[in-house]
Amino acid sequence: IPCLRTAAFESAKNTVRYLNLMMFRKSPDFRKKAVAWAWMAAWTGVICSAIPFARAMQGGIERLAGPRLYLAAAFILGLCCILAMLIGVVRGPRERLVRRIGALVLLGVFSAGVLLTQLQTPAEAIHFLEYGLLGLLLFRAWRHHVGDPLIYPISILSLGLIAWLDEFLQWLMPGRFWDFRDIRLNMMAGAIVL
């Protein structure tokens, strides 16, 4: 029995050593990891803390600038992102340039189609702004831990969990209700950015 106890202790010690080496060690880019996760957590906090004030903010913005402001902001931000990606593609390697530009055009058309067909009100475009940025922040945080294409499903799953939390918190507010459509919109926004 002392031999089993020693073996169990050694196994636990090796597991802790492995975790320290792989995830929790203070590597040279530990600060970068912490900053990436802090930005993601801060933006998630902004999204969740805005829930009690969302309807009041929406009403004030619509009185000042009209309800189409949300759609305009989403389209302008989307065009800026597509333009930035296009500049990156053109400045990058010349191989398969036409294919990459075609992919960007398809992404832009798909994004515009989603905005125009999936939203019931213009104010729902705010989901694309919120969760598009959250998708980018999740990708930047996870890339320190996952280096292969698995990062995309992990980021989308994380985004889905945060979207579910957002809907749950909305459900707790008086006059608000649970809507799976919002979770779908949030995940689509993050997936488009990813």
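How far is the sulfur of Cys-81 from the closest cysteine sulfur, and in which residue does that closest sulfur sit? The legends below take up this question and then move through several other close-ups of this predicted model.

**Figure 1. The cysteines of the model, viewed without a disulfide among them.** Let us start with the opening question. The closest cysteine sulfur to that of Cys-81 belongs to Cys-80, and the two sulfurs are 7.0 Å apart, which is too far for a bond. A disulfide is a covalent bond between the sulfur atoms of two cysteines. Here a pair would have to bring its sulfur atoms within 2.5 Å to be counted, and a search of the whole structure finds zero such bonds. Cys-81 has a relative accessibility of 40%, so this residue counts as partly exposed. Cys-48, in contrast, counts as buried, at 17% relative accessibility.

**Figure 2. The whole chain, for orientation: eight helices and zero strands.** Before zooming in again, here is the setting. Reading along the sequence gives the pattern α-α-α-α-α-α-α-α. The protein has 194 residues, of which 29% count as buried. If you look at contacts between residues at least 6 apart in sequence, 66% of them join residues at least 24 apart. The exposed surface comes to about 12,800 Å², and carbon and sulfur atoms supply 72% of that area.

**Figure 3. Helix α6 and the residues it buries.** This helix covers residues 126–142. Its 17 residues should span 24 Å at 1.5 Å a residue, and the end C-alpha atoms are indeed 24 Å apart, so expectation and model agree. Which residues of α6 are buried? They are His-127, Phe-128, Glu-130, Tyr-131, Gly-132, Leu-134, Gly-135, Leu-137, Leu-138 and Ala-141. Their packing partners are found in four helices: α2 (30–49), α5 (97–117), α7 (151–172) and α8 (180–193). One of the buried residues, Leu-138, can be used to gauge the spacing to Trp-39: the C-alpha atoms of these two residues are 9.0 Å apart in space, although 99 residues separate them in sequence. Trp-39 lies in helix α2 and counts as exposed, because its relative accessibility is 56%.

**Figure 4. An edge-to-face pair of tryptophans, Trp-37 and Trp-142.** The structure holds six aromatic pairs. A pair of aromatic rings is described by the distance of the centres and the angle of the planes. For Trp-37 and Trp-142, the centres are 5.0 Å apart and the planes make an angle of 85°. Trp-37 belongs to helix α2 and Trp-142 to helix α6, so this pair ties together parts that are 105 residues apart in sequence. Are these rings' residues buried, partly exposed or exposed? Trp-37 counts as partly exposed at 24% relative accessibility, and Trp-142 counts as partly exposed at 23%.

**Figure 5. A second edge-to-face pair, Trp-164 with Trp-178.** Here the ring centres are 5.7 Å apart, with 70° between the planes. Trp-164 sits in helix α7 and Trp-178 in the loop between α7 and α8, with their positions 14 residues apart in the chain. Trp-164 has a relative accessible area of 44% and is partly exposed; Trp-178 is also partly exposed, at 23% relative accessibility. The view can be widened to a cluster, in which ring pairs link Trp-164, Phe-168, Trp-171, Trp-178 and Phe-180.

**Figure 6. Glu-167, a buried acidic residue in helix α7.** With 0% relative accessibility, Glu-167 counts as buried. What does its side chain meet there? A polar atom of the Glu-167 side chain lies 3.1 Å from the backbone nitrogen of Asp-179. Leaving aside neighbours within four places in sequence, Glu-167 is in contact with Phe-177, Trp-178, Asp-179, Asp-182 and Ile-183.

**Figure 7. Ala-163, another residue of helix α7, beside Ile-183.** Ala-163 is buried, with a relative accessible area of 0%. Not counting residues up to four places away in sequence, Ala-163 touches Tyr-131, Ile-183 and Asn-186. The C-alpha atoms of Ala-163 and Ile-183 are separated by 5.4 Å, while the two residues are 20 apart along the chain. Ile-183 also appears among the contacts of Glu-167 in the previous view, and Tyr-131 is one of the buried residues of α6.

Methods
Residues are numbered from 1 along each chain as its sequence is written. This is a predicted model: local features need pLDDT of at least 70, side-chain atom pairs count only at pLDDT 80 or more; totals for chains, interfaces and linings use all residues. Side-chain values use heavy atoms; hydrogens and water are left out. Helices (H or I, at least four residues) and strands (E, at least two) are DSSP runs, numbered from the N terminus. Buried means under 20% relative accessible area, exposed over 50%, partly exposed in between (1.4 Å probe, protein chains only). Contact means heavy atoms within 4.5 Å. Accessible areas come from the Shrake-Rupley method with a 1.4 Å probe; for residues, only the protein chains shown count as cover. The expected span of a helix is 1.5 Å times one less than its number of residues. A polar contact is a pair of N or O atoms within 3.5 Å; within protein, one must be able to donate a hydrogen and the other to accept it, and residues adjacent in sequence count only if both atoms are side-chain atoms. Rings of Phe, Tyr and Trp (its six-membered ring) pair if their centres lie within 6.5 Å; planes under 30 degrees apart count as stacked, over 60 as edge-to-face and the rest as tilted.
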